[in-house]
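Student: I would like to take a close look at a single part of this structure, and I would be glad of one long, connected answer.

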Amino acid sequence: MKVPFFNYPFVYSQYESEIDKKINKVIKKGEFILQNDLLNFENNLKKFLNAKFAFGVSDGTNAIILCLKAAGMKSGDEAIMSSHTYIATASAVHDAGGIPVLVNCKDDFLIDEREIEKAITKKTKFIIPTQLNGRVCQMNIILKIAKKYNLIVIEDGAQAIGAKFKKKFSTTFGLAGTISFYPAKILGCFGDGGAVITNNKGFAKKISMMRDHGRSKDGKVVSWGTNSRLDNLQAAILNIKLKHLKKDIAKRRKIASLYYKLLKNNKYLHLPPPPNNNSNNFDVYQNFEILADKRDALRQYLRKNSIGTIIQWNGQALHMIKNLKMKYKNLQKTNNIFKKILLLPMNCSLSTKDVIFVSKMINKFYEKN
Ligand SMILES: *Cc1c(COP(=O)(O)O)cnc(C)c1O
């Protein structure tokens, strides 16, 4: 038996014939940039998320950059984020002229909201909570802090399309939120892609122009912008996959439940919260991240048994990256967590048998070691 960490060909194989037909149609018609498929996708996406506006952009990183620039980030502005996030969250801030300020995460791997207030200075202008692994942060508390200190909240929802907190979708809490359609993401396209979500009309107008060189609908340049458009072809593919997203998320939650059931009695592991319909969080499990004793030996054992695992960000929390100027104080908790983090296979190509096999091998490792 073989369980790779991710199965890239599967992104296409699920809906192959439907996608083939669509690609053929779009290419034959020559509808490549800012065409109807993009418009349709943006409409479907905003409906899915119960949001007022959605814009397809080139990728999840540029989605954050556009948001920060549209929100008026200035040189030296500080943006508070968890150190347990992708480099993109921080590099977007750097690109927009700001300074990333890093705080610890909690046991569920999301930003520790109790540390946000302590990290606020006169220069703080933004909070960028990352909805990591497909789980939404304590947004009620974060929004309260933001209001108290007059800060702008931009959600990095790259990993959390469809996730909810108190029945509200990720990316709809703050001024704006961002999504990534990188192939391995929950809603993956066939290359790079991303989106900006907002309920603010003025902000929406800025994003729609900024992603297309600051041009308004009639083609006149009215502000600075850049080229950050989502290809019409990718949008057409995403439109097809979006129809199946609810079902795909249900499958991920089912896989998470099964992992939880099979691993919860293993005292050498710390598991993420299981799917629970009575909790404030509706998680979509972009990743199934665990803490594991003897992590590196476990990984090697699993690899020998043809099971792929990944250590998120190659094991580097943002503050561990040398030569990049980020601001932080004590991140001992994150240091401790990063000695043990591990991502188990989590995607829609997994069968029940796969999940049982992976769990069995993990439990077997600890019986022997
Ligand atoms: C994937 C990801 C991004 C960036 O997305 P790209 O589309 O690859 O630019 C940003 N933040 C987080 C947390 C991500 O996982």
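Student: Which side chain is joined to that of Gln159 by a polar contact of 3.2 Å? Please start there and then take me through the surroundings.

Tutor: The model is a predicted one, and the values that follow are computed from its atoms. The partner you ask about is Gln312, whose side chain is joined to that of Gln159 by a polar contact of 3.2 Å. Gln159 itself sits in the loop between β5 (152–156) and β6 (164–165), and with a relative accessibility of 7% it counts as buried, because buried means under 20% relative accessible area. If we set aside the neighbours within four places in sequence, the residues in contact with Gln159 include Gln131, Leu132, Asn133 and Gly134, and also Lys185 and Ile186. The same list goes on with Val284, Gln286 and Asn287, and it ends with Gln312 and Trp313.

Trp313, which appears at the end of that list, lies in the loop between α11 (295–304) and β13 (327–328). Although Trp313 is not a glycine, its phi is positive, at about 55 degrees. It helps to know here that most residues other than glycine have a negative phi. Leu34 is another residue with a positive phi, about 45 degrees, although it is not a glycine; Leu34 lies in the loop between α2 (16–29) and α3, and its relative accessible area of 35% makes it partly exposed.

Returning to Gln159, we find that its side chain also faces the ligand, for one of its N or O atoms is 3.0 Å from an oxygen atom of the ligand. The protein covers 93% of the 380 Å² of accessible area that the ligand has on its own. In total, 14 residues surround the ligand, and the closest of them are Gly60, Thr61, Asp156, Ser180 and Lys185. Lys185 is therefore a residue to read twice, because it is among the closest to the ligand and is also in contact with Gln159, where contact means heavy atoms within 4.5 Å. By kind, the shell around the ligand divides into four nonpolar, seven polar and three charged residues.

Two further side chains can be followed from the ligand into a helix. An N or O atom in the side chain of Thr61 is 2.5 Å from an oxygen atom of the ligand, while a polar side-chain atom of Asp59 lies 3.5 Å from an oxygen atom of the ligand. Asp59 and Thr61 are also linked to each other, since at the start of α4 a side-chain oxygen of Asp59 reaches to within 3.0 Å of the backbone nitrogen of Thr61. Helix α4 (residues 60–70) is largely enclosed by the rest of the structure, because eight of its eleven residues are buried. Those buried residues are Gly60, Ala63, Ile64, Ile65, Leu66, Cys67, Leu68 and Ala70, and Gly60 is also one of the residues closest to the ligand. After α4 comes Gly72, whose phi is positive, near 85 degrees.

A second loop can be read in a similar way. Thr172 is found between β7 (168–169) and β8 (176–180), and with a relative accessible area of 6% it is buried. A polar atom of the side chain of Thr172 lies 2.5 Å from the backbone oxygen of Phe169. Leaving aside neighbours within four places in sequence, Thr172 is in contact with Leu49, Ala51, Glu155, Ile197 and Asn199.

Phe169 then leads us on to the aromatic rings, for which a search of the whole structure finds eleven aromatic pairs. In one of them, Phe48 and Phe169 form a tilted pair, 5.7 Å centre to centre and with 40 degrees between the planes. This pair links distant parts of the chain, as Phe48 belongs to helix α3 (residues 36–49) and Phe169 to strand β7, 121 residues apart. The two rings belong to residues that are classed in separate ways: Phe48, at 21% relative accessibility, counts as partly exposed, whereas Phe169, at 14%, is buried. Elsewhere, ring pairs link Tyr268, Tyr301, Phe365 and Tyr366 into a cluster.

As a contrast with the buried Gln159, consider Lys339, which is exposed, with a relative accessible area of 55%. Lys339 is found in the loop between α12 (332–338) and β14 (341–344).

How values were computed: Residues are numbered from 1 along each chain as its sequence is written. This is a predicted model: local features need pLDDT of at least 70, side-chain atom pairs count only at pLDDT 80 or more; totals for chains, interfaces and linings use all residues. Side-chain values use heavy atoms; hydrogens and water are left out. A residue is near a molecule or strand if one of its heavy atoms lies within 4 Å of it. A polar contact is a pair of N or O atoms within 3.5 Å; within protein, one must be able to donate a hydrogen and the other to accept it, and residues adjacent in sequence count only if both atoms are side-chain atoms. Accessible areas come from the Shrake-Rupley method with a 1.4 Å probe; for residues, only the protein chains shown count as cover. Ala, Val, Leu, Ile, Met, Phe, Trp, Tyr, Cys and Pro count as nonpolar, Asp, Glu, Lys and Arg as charged, and the others, Gly among them, as polar. Helices (H or I, at least four residues) and strands (E, at least two) are DSSP runs, numbered from the N terminus. Buried means under 20% relative accessible area, exposed over 50%, partly exposed in between (1.4 Å probe, protein chains only). Rings of Phe, Tyr and Trp (its six-membered ring) pair if their centres lie within 6.5 Å; planes under 30 degrees apart count as stacked, over 60 as edge-to-face and the rest as tilted.
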